[in-house]
Amino acid sequence: MPNVTKQAVDVVVCGLGWAGSLMSIELAQAGLSVRALEKGPDRDYDEFAYPKPADEYAYAVRNKVMTTPAESAVTVRYGLQDTAVPTRKWGAFVPGGGVGGSGMHWTGVLIRPTPTDLKLKTYADQAYKPGILQEDMRIMDFPFSWQEIEPYYDKFERICGLSGNTGNLKGVIQPGGDPFEGPRSQPYPLPALEDTLNNVMFSAAAKKLGYHPFPNPSAAASRAWTNPYGNTITPCNYCGYCSKYPCLNYSKASPQTAVMDALKRMDNFSYEVNAEVTRVVLHDDKKSAKGVIYYDAEGNECFQPAKIVILSSFQYYNVRLMLLSGIGKPYNPITEEGVVGRNYAFLSNGGATLFFKDKNFNPFVAAGPTGQMFNDISPGNVDGPSLGFIGGAKIHSSQATGTPISAALPKDTPKWGSGWKEGLETWYGHSMKVSITTTCMAYRDSYLDLDPTYTDKYGQPLLRMTFNWKRNELLLQQYLKGIVGNLVNELNPDSFSMSFLPMDANFDLTKYVSTHNVGGAVMGDNPNTSALNRYLQSWDVHNVFVPGGNAFPQNFQANPTDTIGAITLMAAQAIKDHYLSNPGPLVEA
């Protein structure tokens with residue numbers, strides 16, 4: 001039994017990143033007492049804002065604002081017959097740690113999926129004849145329409161101060177934006193960030209080849225912005241320290257800049273850091289929760305009673321907490337019974353690095369979301385059935401920061417010593433990238449469960465990830481290689497290198513791809529194939545809600561943050577409008 005019992009609250013929130021901070025402020029504004037528990041430390045601007053210098057080694061190499069594998073390891077294997085081993089060092093993905101979570105170190109590209117992305121199963125059933133797609137593919141529709149979710153995209157984008165060009169306003173295509181985006185109810189809150197040289201070159205090449213480039217939708221504000229919570233986000237000064245860094249200038253939307261300053265002023269909200277939740281405690285009937293067990297900074301085992309439990313940590317940890325707590329039936333990939341753990345998906349990247357002797361791209365003057373992209377190669381916009389795959393990618397040229405350790409250099413440059421220094425002196429600022437961010441489908445044997453061997457410091461099993469690349473995603477990579485190759489030819493660099501997955505590739509845990517991990521506790525209309533209903537409410541335990549990337553049934557080519565924000569806000573609204581007055585299932589099973 002826990003040795004400390006805390007004062008009961010209306011809502012306990014487990015994880016204080018984007019989902020947790022949004023849930024906290026929305027429910028606190030409804031008058032509920034809200035207590036947030038964050039596994040990591042506090043993250044306040046005194047830690048990293050000006051005049052403190054940006055530190056590439058600390059943040060981008062040593063992962064200063066991330067959790068560590070020792071604290072949050074998962075085990076990884078390719079297939080059902082393999083033995084999983086724990087992550088010893090983050091590589092392919094890097095979960096955030098502390099208040100703000102991954103919302104502290106994200107790049108700030110805030111883009112919506114398309115309406116087709118949200119109804120991918122419907123599209124596939126209509127467009128693909130039987131036998132074209134892999135038999136073990138398990139794609140699903142999101143359980144809402146574009147019209148239902150769009151107001152919450154709009155609200156989240158106004159919380160963040162989204163900067164960019166509107167492409168579709170109430171069904172009317174607008175010049176300079178994405179013509180393939182779903183209809184927006186309102187224009188972007190702010191104009192796009194300033195273009196850099198690589199943007200101009202990429203945009204011209206893409207247009208010449210018939211594509212429709214537009215500025216990266218940016219959560220680094222192009223102008224000063226006061227959001228609906230009353231927080232002011234300052235204009236970006238193009239310092240370039242975005243991805244893997246907290247923003248030094250209060251300009252990139254994060255839980256800190258967009259939510260926490262207002263939330264901390266509310267008397268009915270409180271939070272505790274270094275508080276690791278280990279289990280949700282259920283009532284005897286297993287149909288509702290009574291609170292959570294956590295360990296505090298002093299090592300005390302504590303019980304936090306609450307009427308509503310929000311699991312809002314990183315995707316992996318939400319799934320693990322559900323499995324450890326007995327919320328929903330664990331997924332079995334052999335029988336396909338159970339729902340918690342199914343439909344795990346990641347994504348792949350790749351592209352080309354181009355070198356120009358006579359062009360200086362001034363990479364130290366940029367923002368993480370500075371760039372141009374096009375969405376022509378996405379489901380429904382490309383003839384996937386004739387190509388033998390489903391999916392697509394956003395193709396973009398985004399100006400990376402000018403930090404020297406990560407500077408792009410020709411492949412024959414030495415990795416260290418005087419040869420590396422000479423290469424850096426010769427080529428620094430003379431390269432640009434053409435990159436891809438792809439879809440990733442869900443499969444029968446790509447899933448998450450509890451590891452039978454490895455445990456954490458409390459003796460509880462680690463989460464096990466079973467995942468490898470499938471033929472569909474590798475075919476997509478080869479198709480995209482041709483498109484990027486055409487763009488490279490049009491740009492005509494002095495030299496270039498390409499990076500795409502070959503058809504025999506295995507998932508490589510050691511090389512960074514993104515932190516866009518999704519699935520494992522997905523939302524849907526059917527409790528036999530989904531762990532959560534359309535309002536992120538557990539089908540089995542009605543006062544447990546689980547917002548996060550875990551709810552995605554597969555990965556689309558858009559960054560996940562906009563959708564995480566939108567579905568969280570939609571769930572919070574349903575709790576306020578319906579659940580509080582009549583606690584119980586919001587959707588009939």
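**Entry 1. The β16–β17 pair**

I started with strand β16, residues 371–374, and strand β17, residues 393–398. They pair in the antiparallel sense, over 4 bridges. I looked for a residue pair in register and found Gln372 opposite Ser397 of β17. The model I am reading is a predicted one.

**Entry 2. The sheet around that pair**

Next I asked which strands make up the sheet that holds β16 and β17. There are 6 strands, in the order β8-β16-β17-β18-β15-β21. The sheet is open and its pairing is antiparallel. Edges came next. β8 (214–215) and β21 (495–499) each have a single partner strand, so each keeps one side without a neighbour in the sheet. A reminder to myself: strands of a sheet pair through backbone hydrogen bonds, either parallel or antiparallel.

**Entry 3. Both sides of β18**

I moved along the order to β18. How many bridges join β17 and β18? I noted 4, with the two strands antiparallel. Ala393 has Thr438 in β18 as its bridge partner. On to β15, residues 349–355. This strand pairs with β18 over 7 bridges, again in the antiparallel sense. Here Asn349 has Thr437 of β18 as its bridge partner. I also checked cover. In β18, 7 of the 8 residues are buried, which leaves the strand mostly covered.

**Entry 4. Ser435**

I picked one residue of β18 to follow. Ser435 sits in this strand, which spans residues 431–438. Is Ser435 buried or exposed? Its relative accessibility is 16%, under the 20% cut-off, so Ser435 counts as buried. I then listed its contacts, leaving aside neighbours within four places in sequence. They are Gly350, Gly351, Lys394, Ile395 and His396. Gly350 and Gly351 fall in the range of β15, residues 349–355. Lys394, Ile395 and His396 fall in the range of β17, residues 393–398.

**Entry 5. Ser203, a helix residue touching Gln372**

I went back to Gln372 and looked at a residue in contact with it, Ser203. Ser203 is in helix α7, residues 197–208. Not counting residues up to four places away in sequence, Ser203 touches Pro213 and Gln372. With a relative accessible area of 11%, Ser203 is buried. Gln372 is the residue I had already placed opposite Ser397 in β17.

**Entry 6. A second sheet**

I then turned to another sheet. This one has 4 strands in the order β5-β4-β20-β19. It is open too, but the pairing is mixed. At the edges stand β5 (85–86) and β19 (447–455). Each has a single partner strand, so one side of each has no neighbour in the sheet. Where does a parallel pair occur? I found it between β4, residues 74–77, and β20, residues 461–466, joined by 4 bridges. Val76 has Met465 as its bridge partner in β20.

**Entry 7. Two loop residues**

Pro228 first. Pro228 is in the loop between β9 (225–226) and β10 (232–233). Its relative accessibility is 53%, so Pro228 counts as exposed. Not counting residues up to four places away in sequence, Pro228 touches Arg158 and Ile159. I also took a distance to Leu448, 220 residues away along the chain. The C-alpha atoms of Pro228 and Leu448 are 37 Å apart.

Then Tyr250. Tyr250 is in the loop between β10 and α8 (255–263). A relative accessible area of 38% makes Tyr250 partly exposed. Beyond its neighbours within four places in sequence, Tyr250 is in contact with Tyr45, Ala49, Ile233, Thr234 and Thr257. From Tyr250 to Ile567 I noted 25 Å, C-alpha to C-alpha, with the two positions 317 residues apart in sequence numbering.

**Entry 8. The whole chain**

I closed with totals. The protein chain has 13 helices and 22 strands. Its radius of gyration is 23 Å, and the globule rule gives 25 Å for 589 residues, so the chain is as compact as a globular protein of that length. Along the principal axes, the C-alpha atoms fill a box of roughly 70 × 60 × 50 Å. Of the 589 residues, 62% count as buried.

Which contacts did I count? Among those with a separation of 6 or more, residues 24 or more positions apart account for 75%. The accessible surface is about 22500 Å², and carbon and sulfur atoms hold 50% of it. Last, charge: the mean positions of the 50 positive and 55 negative charges are 2 Å apart.

How values were computed. Residues numbered from 1 in each chain as written. Predicted model: local features only at pLDDT ≥ 70, side-chain atom pairs only at ≥ 80, totals over all residues. Heavy atoms only, no water. Rg over C-alpha atoms; globule rule 2.2 N^0.38 Å. Buried < 20%, exposed > 50% of the residue type's maximum accessible area, 1.4 Å probe, protein only. Contact = heavy atoms within 4.5 Å. Areas by Shrake-Rupley, 256 points an atom, 1.4 Å probe, with all protein chains shown as cover. Lys, Arg positive; Asp, Glu negative; His and termini not counted. Charge placed at Lys NZ, Arg CZ, Asp CG, Glu CD. Pairing = 2+ DSSP bridges.
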